[in-house]
Amino acid sequence: MDDIARTPEQIAAIIRRERRRQGLTQQQLGAKIKLRQATISKLESGGSGIQLQTLLDVTRALNLELVIQPRTKASTTGVFD
């Protein structure tokens, strides 16, 4: 899976999709990394205030990784431009 995410909502959708693909509930995922179900829900809704460590813990639990790379020329506009 090579998904590109440029917004919190896109990151949230990728995480939600992978959690469901693995057959985990939000509560089960949270239990794996000692987080409340409400925290997983907030992350999956693209909510603000999610700590970077929480995102990294969730990606690790789902066997995902974050890759940082330059934007492609076709997608030069974004949140930080």
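**Close-up views of a predicted model**

**View 1. Gly30 in helix α2.** With a relative accessibility of 0%, G30 counts as buried; the cut-off for this is under 20% relative accessible area. The structure shown is a predicted model. G30 is part of helix α2. Which residues does G30 contact, leaving aside its neighbours within four places in sequence? They are L35 and I40. The C-alpha atoms of G30 and D57 lie 9.8 Å apart, while 27 residues separate the two in sequence.

**View 2. The buried face of helix α3.** Helix α3 covers residues 37-44. Its buried residues are I40, L43 and E44. Seen down the axis of α3, these residues fall within an arc of 95°, so they line one face of the helix. In general, an α-helix has 3.6 residues a turn, so residues three or four places apart point the same way. I40 of this helix is also a contact of G30.

**View 3. What covers helix α3, and what follows it.** The cover over the buried residues of α3 includes three helices: α1 (8-21), α2 (26-32) and α4 (52-61). After α3 comes G46, which has a positive phi, near 80°.

**View 4. Thr59 in helix α4.** T59 belongs to helix α4, one of the helices included in the cover of the buried residues of α3. Is T59 buried or exposed? T59 has a relative accessible area of 6%, and is therefore buried. Leaving aside neighbours within four places in sequence, T59 is in contact with L64 and L66.

Definitions and conventions:
Residues numbered from 1 in each chain as written. Predicted model: local features only at pLDDT ≥ 70, side-chain atom pairs only at ≥ 80, totals over all residues. Heavy atoms only, no water. Buried < 20%, exposed > 50% of the residue type's maximum accessible area, 1.4 Å probe, protein only. Helix = DSSP H or I, 4+ residues; strand = E, 2+ residues; numbered from the N terminus. Arc of directions from axis to C-beta. Contact = heavy atoms within 4.5 Å.
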